[in-house]
Structure formats: C-alpha cells, structure tokens
Amino acid sequence: MFFQPIVLEESGFKLKKLYNAEFPMHWHSDIEILYCYNGSFCVEDEENKYEVNGGDIIFVGSCQPHALSGKGEVDAIVISLGFPFFGSNFDEVRNLFFDDPVLRNNSQIREELKEILVLNDDPKTLASDMEIRGRIYRIVSILLKELVSTEKITKRQQERLFAVSKIQKALDFVALHYSENITVEEAAAVSGYEKSSFCRSFKNATNATFHNYLNMYRIKKSRVLLTETDDSISAISYRVGFTQHKNFCRLFKELNSVSPSDYRKKHR
C-alpha cells in the first residue's frame with residue numbers, strides 16, 4: 001500500500017474520466033468521489049468490498065486505504081477534492097466515515113454530473129469554473145445527507161489523519177509551488193517545524209521523503225501536461241520544476257516504465 005499524491009487545480013478539485021478500474025491499494029489526503037455511468041467496478045478498503053454499478057456513487061474519505069478492481073472497461077468519473085475546495089470545513093468533512101459509502105442511483109446526483117461533464121468539456125471560464133464548483137458542492141451535500149456516518153474509525157486511520165494534519169500545509173505548499181526550486185527547509189518553515197522534526201513527520205505520513213514526494217508530484221503534473229498540451233517535453237520538464245531535462249526523463253521512465261515521448265503517444 002502506498003501514499004498517492006493527487007494533482008489538484010488551484011481551485012482544490014479535479015475531474016478525471018475513468019475507463020479502467022484497476023488500481024492497487026493506496027491512500028491519499030484528499031477526498032474522492034467516484035461515479036459509475038456504465039459497467040461496474042469494486043472499491044475495497046481494509047475491511048469491506050463495495051460493488052459500484054451504473055448510476056452508483058461512492059465516497060472515499062481522506063486517508064482511507066482503498067483499491068479498485070473491475071472486469072472490462074467502465075465509464076466513470078472521479079472527483080478529487082482537497083483543502084482549498086472545502087476551506088475551513090475540510091477537517092470536519094475528512095473525519096467523516098460511513099457505514100455504507102455507496103449511494104445507489106440517485107437522480108439528483110446524476111443530473112448534476114451530467115451538467116458538470118458538459119461544462120468541463122467547454123472552454124474554461126470563471127463562470128463555468130464557479131458553476132462546476134457549485135454543482136460539486138451540491139453533490140457533496142446530497143451525499144452528506146443521504147449517507148449514514150459512523151464513529152467506526154480504525155486506529156490506523158486515526159493515525160494517518162493525525163500524521164497528514166501535521167504536514168498538510170507542506171502538501172498545500174507543494175501544490176502551489178512545485179514548479180519552483182523549493183526546499184525541505186521552506187516546507188518545514190511553512191509547517192512550523194524544525195527540519196529534522198518535519199522530515200520525520202513527513203516520512204511517517206506519506207512513507208516518502210519530502211524530496212521524493214515533490215518529484216512524484218512533479219511527474220504526475222507532467223503527465224497531465226503531456227496529454228493536454230502540445231508543449232515540448234523539454235519545456236514541460238522545466239514547467240514542472242526540473243532544472244535538468246535528462247533528470248526529468250530518467251525519473252519519468254523510472255516511475256512510469258515508459259519515456260515521456262512514448263507516454264504522450266500512448267495517451268493522446
């Protein structure tokens with residue numbers, strides 16, 4: 001099981017279409033909402049396995065380990081939500097766990113997501129961004145009203161939540177400044193720790209050093225740019241914060257098993 005950094009927009013949310021539901025056990029500090037249009041897949045946590053069919057939506061909480069599995073192709077959307085989206089309410093929402101996190105075939109959510117997908121495919125404007133945000137808030141409000149929350153949080157989940165809360169400011173700092181030449185000392189200062197204490201807390205929360213996490217985040221961001229822009233690979237490497245193009249290419253292949261150019265050909 002591993003910690004999975006999610007690349008969010010500055011608005012604190014990200015929409016991603018899902019066609020293959022195969023992902024090993026992992027966890028992340030952000031909240032995920034997965035909606036299935038067609039097909040079916042399973043989401044498994046440390047204790048339960050939930051089947052998600054067409055029309056169903058599942059709430060995956062912060063720091064909650066989960067894996068995805070399915071047979072064949074699916075048609076689904078993943079909505080990732082972080083601290084900038086919820087603001088001061090983030091801690092309250094991230095501490096919610098549900099007896100059954102799946103909401104079955106809710107017509108209100110289906111209509112909201114239909115509009116979100118239309119807006120997301122159109123050119124981005126301030127107005128469309130605000131409307132998407134509003135519709136996501138509506139979906140979250142429906143989930144919070146319809147799902148039954150529980151006090152049943154495992155000790156390990158409590159430990160992860162506490163560990164991540166100690167370094168949340170550093171995670172937000174990376175999301176905002178990953179393209180710059182940021183240092184572990186700066187991240188520690190943002191979090192209010194001395195360097196040595198910060199490094200221990202960060203490794204405990206993410207199972208990665210700050211430097212490794214920063215590079216993983218940069219590579220994830222580069223994958224988005226490779227598929228969504230026509231920028232050269234060299235330009236992308238500098239945009240995401242690498243000062244040496246060859247180091248970017250080496251690390252990209254190490255983490256993705258293919259070169260940046262082959263990744264672009266495969267996903268365009």
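User: What makes Arg218 count as lying over the face of Phe242?

Analyst: A charge sits over a ring if NZ of Lys or CZ of Arg is within 6 Å of the ring centre and within 35 degrees of the ring normal. Arg218 is 5.9 Å from the ring centre of Phe242 and lies over its face. This is a predicted model: local features need pLDDT of at least 70, side-chain atom pairs count only at pLDDT 80 or more, and totals for chains, interfaces and linings use all residues. Residues are numbered from 1 along each chain as its sequence is written, and side-chain values use heavy atoms, with hydrogens and water left out.

User: Why is the contact between Arg104 and Asp56 called a salt bridge?

Analyst: The term needs a side-chain nitrogen of Lys or Arg within 4 Å of a carboxyl oxygen of Asp or Glu. For Arg104 and Asp56, the closest N and O atoms are 2.8 Å apart, so the pair qualifies. The partners come from distant parts of the chain, 48 residues apart. Arg104 is in the loop between β11 (102-103) and α3 (107-121). Asp56 is in the loop between β6 (49-53) and β7 (57-60). Helices (H or I, at least four residues) and strands (E, at least two) are DSSP runs, numbered from the N terminus.

User: Why is Asp56 called buried, and Arg104 partly exposed?

Analyst: Buried means under 20% relative accessible area, exposed over 50%, partly exposed in between (1.4 Å probe, protein chains only). Asp56 has 5%, so it is buried. Arg104 has 42%, so it is partly exposed.

User: How do you know that Lys114 and Glu111 are about one helical turn apart?

Analyst: They are three residues apart in helix α3, which means a separation of about one helical turn. Their side chains also meet in a salt bridge, at 3.5 Å from N to O. Lys114 is partly exposed at 43%, and Glu111 is partly exposed at 39%.

User: What makes Phe13 and Phe85 an edge-to-face pair?

Analyst: Rings of Phe, Tyr and Trp (its six-membered ring) pair if their centres lie within 6.5 Å; planes under 30 degrees apart count as stacked, over 60 as edge-to-face and the rest as tilted. Phe13 and Phe85 are 6.0 Å centre to centre with 80° between the planes, so they are edge-to-face. Phe13 is in strand β2 (residues 13-18) and Phe85 in helix α1 (residues 83-86), 72 residues apart. Both are buried.

User: Why are Phe83 and Phe90 called edge-to-face?

Analyst: Their ring centres are 6.0 Å apart and their planes are at 80°, so the label fits. Phe83 is partly exposed at 34%; Phe90 is buried at 1%. Both belong to one aromatic cluster with Phe13, Phe85, Phe86 and Tyr137.
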